[in-house]
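I have a two-part plan for today: go through the contacts, then go through the sheets. Rough notes, written as I look things up.

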Amino acid sequence: MPEIRNFTMNFGPQHPAAHGVLRLVLEMDGEVIVRADPHIGLLHRATEKLAESKPYNQSIGYMDRLDYMSMMCNEHAYVLAIERLLGVEPPLRAQYIRVMFDEITRLLNHLMWLATHAIDVGAMTVFLYCFREREDLFDCYEAVSGARMHTSYYRPGGVYRDLPDRMPQHHPSQWRSARDLKRMNRARQGSLLDFIEDFTERFPGYIDEYETLLTDNRIWKQRTVGIGVVSPERARQLAFTGPMLRGSGIEWDLRKKQPYEVYDRVDFDIPVGVNGDCYDRYLVRVEEMRQSNRIVRQCVDWLRRNPGPVVLQDHKVTPPPREEMKADMEALIHHFKLFTEGFCIPEGEAYAAIEHPKGEFGIYLVSDGANKPYRLKIRPPAFVHLGALDEMGRGHMLADCVALIGTLDIVFGDVDR
Amino acid sequence: MAETIETFAQRLQERLEGFLETCTVAHGECTIEVPPARLLEVCTALHEEAELGFDELIDLCGVDYAKYGEAEWVAGEATDRGFSRGVRGPGERLHETSRPETPRFAAVYHLLSLPHNRRLRVRAYAADEDFPVLPSVMGVWNSANWFEREAFDLFGIIFEGHPDLRRILTDYGFVGHPFRKDFPLGGTVEVRYDPERGRVVYEPVSMQPRVLVPRVIRHDHRYEVDRVDERKEDRESATTPR
């Protein structure tokens, strides 16, 4: 008898299914995973340490780059923590704008997740479909903030500026025909809200397309049903949150349980899985996209009817408008102080958590009264979920590892920080 | 939430009588401080007992309180040297120390109870500054595994009883604990490719640390609620005799 030993295999960090820079050291018994040891930190940028050296507002941009699939949600937790310590509350319109963009961000994130999860498992078309819709959502980001991904749009005390009245249009070019141009600009004739509303009308049809391709697909089900089953007890022990927890059958959503902003004023449902496998988590996330679409529609409706300020008029925290700054000495001083020194936050500590597309994203902020955070701790959902990969992967085949990484919905900006 | 955070804090204090050093409520959040020797008992009680029911360890992080309350620029009075004082560095640094009389390193645990929809913050200080040790709570909440590795990696806090306390975020062969307040922001080594030796080499950092915006602590009267009340009382007492 030849001696049979377990052997160790290296997965990543350049593997296309590793979703970034994951290095997995797998101990294999034949084709069965005995132990998975994720080596992370290849994208560690010490965001928390960098934030300690900067005034509060200068770190908003770093938040975008944490989970670079759901930029605005990261900013949201950060500004919420600051607002809690300052004891300020943004105007209602700003809260609706934040909720709307949080849900647009959730769509962006889930589309990216679905695209990559599907292509990892072998479905090419879904990938192309999802990126088609992401383009429209990025256009919304661009219209409101000027940047397609790293927006820095949320500010302590509100949002940077109001929604634009005009949606930017595509220009004629030699590369597209007049007919194409007309089609591309069809939804862009009105304001940003018109564009978003048009999108929300189209979007349920798109989700149906993805579901046609996947939900009853034999190969998709063979690859996901019964893979990576997590019981509710284990999910709680492993501190799962978000769709990972709901996939295991626990009804828990911070938007319902600990509502922030205006989530208690909008109507939506929480999908919950039954078996806690990859397929249930897929169903949960797809249904979440439909619910997000519903929330966005309600926000568009409210925002149409209720104009008003989008940022707090407290110039100790938010800068005065530019016209005022040019004419008023007091405003000029405020502007100067805010942009050279920033604002100081009273001594104390706060933990602000939001229902991020991936789970609970929290910011723990310790302030000693200075214009910079004393300690900023980011609680990333993906870091916690990846920590459970070893347990989820044991006894599965090597090929299932790819499905597991997909279902965890990890992004390395978030895991490594 | 049926129970307010204040009554919950009251109940917690009664239940854990003698185990807690402090129990405070601020910004709608309850914080308890636990001596490291009692940490495991307290955590087990918080996890196991149905009326507490903290079934998830949401977050665990290290905190280094070495420079708490220190500013680089005095803000209370006018100065003649201005900005440069903050930038010039440690020699010119002014201390406005309000650091609490506590050990340097602490671990902060954020707990969440799904059945009661409640959060709790637990803080435990590691007594020894040179060799901070805390008991591992991995046996209570399995999610502590990576969190404790992270706190060990970044702050050098040793979690006793952790089965696999390795570095997690920093590079293979990294020296030091980067999130400590005495670790420079720019790090200690830099890497480059050396064409002569034909490999990547590590060298001491060449860049100078610099401060763009000095750290300043301002006492804004708007947030000092007590003082505002006092002043109001003073004014009232001054006007009433008339």
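Below are my entries, starting with the chain pair and ending with backbone oddities.

**Entry 1: what I am looking at**

I note at the outset that this is a predicted model. I keep that in mind for everything below.

**Entry 2: the interface of chain A and chain B**

I looked up the contact list. On one side are 66 residues of chain A, and they are in contact with 60 residues of chain B. I then checked the area: the two chains bury about 5,200 Å² between them, and 52% of that is on carbon and sulfur atoms. Which residues of chain A lose the most area to chain B? I found K49(A), Q237(A) and Y374(A), which together make up 14% of what that side buries.

Next I went for the charges. The rule finds 10 salt bridges across the interface of chain A and chain B. I picked out one of them, E349(A) with R121(B), where the closest N and O atoms are 3.6 Å apart. For polar contacts between chain A and chain B, I have a count of 35 residue pairs, with both residues at pLDDT 80 or more. By class, the side of chain A that touches chain B has 30 nonpolar, 13 polar and 23 charged residues.

**Entry 3: salt bridges overall**

I widened the search to the whole structure and got 56 salt bridges over all chains. One that I followed up joins the side chains of R202(A) and D136(A), at 3.2 Å from N to O. This pair links distant parts of the chain, 66 residues apart. R202(A) sits in helix 7 (residues 192-214) of chain A, and D136(A) sits in helix 5 (residues 124-145) of chain A.

**Entry 4: a sheet in chain A**

I traced an open sheet of three strands in chain A, in the order 1-2-3, with antiparallel pairing. Why is one side of strand 1 and of strand 3 of chain A left without a neighbour in the sheet? Strand 1 (7-11) and strand 3 (32-39) stand at the edges and each has a single partner strand, so one side of each has no neighbour there. Neighbouring strands of this sheet are turned by 25° against each other on average, direction ignored.

I then looked at the pairing of strand 2 (residues 23-29) and strand 3 of chain A, which is antiparallel over seven bridges. Within it, E27(A) stands opposite R35(A) of strand 3. What packs on this sheet? Helix 17 (residues 398-408) of chain A does, touching strand 1, strand 2 and strand 3 of chain A. The direction of helix 17 makes about 145° with that of strand 2 of chain A.

**Entry 5: a sheet in chain B**

Over in chain B I traced five strands forming an open sheet in the order 1-2-5-4-3, and the pairing is mixed. I marked strand 1 (22-26) and strand 3 (56-64) of chain B as the edge strands, since each pairs on one side only. The twist averages 20° from one strand to the next.

At one edge, strand 3 and strand 4 (residues 105-113) of chain B pair in the antiparallel sense over eight bridges. There D59(B) stands opposite H110(B) of strand 4. Helix 4 (residues 144-155) of chain B packs on the sheet and touches strand 3 and strand 4, its direction making about 5° with that of strand 3 of chain B.

At the other edge, strand 1 and strand 2 of chain B are antiparallel partners over five bridges, and V25(B) has C30(B) as its bridge partner in strand 2. Helix 1 (residues 5-15) of chain B lies across strand 1, strand 2 (29-33) and strand 5 (118-126), running at about 175° to strand 1 of chain B.

**Entry 6: positive phi**

Last, I checked the backbone. Most residues other than glycine have a negative phi. I noted three exceptions.

- A46(A) is not a glycine, yet has a positive phi of about 55°; I place A46(A) in the loop between strand 3 and helix 1 (47-52) of chain A.
- S152(A) has a positive phi near 50°, and lies in the loop between helix 5 and strand 4 (154-155) of chain A.
- H27(B) takes a positive phi near 55° in the hairpin of strand 1 and strand 2 of chain B, which has two residues between the strands.

Note on methods:
Residues numbered from 1 in each chain as written. Chains lettered and ligands numbered in written order. Predicted model: local features only at pLDDT ≥ 70, side-chain atom pairs only at ≥ 80, totals over all residues. Heavy atoms only, no water. Contact = heavy atoms within 4.5 Å. Buried area = accessible area lost by both parts, 1.4 Å probe. Salt bridge = Lys/Arg side-chain N within 4 Å of Asp/Glu carboxyl O. Polar contact = N/O pair within 3.5 Å; in protein donor to acceptor, adjacent residues only side chain to side chain. Nonpolar A, V, L, I, M, F, W, Y, C, P; charged D, E, K, R; others polar. Pairing = 2+ DSSP bridges. Helix = DSSP H or I, 4+ residues; strand = E, 2+ residues; numbered from the N terminus. Axes fitted to C-alpha atoms, helices over the stretch in contact; angles between N-to-C directions.
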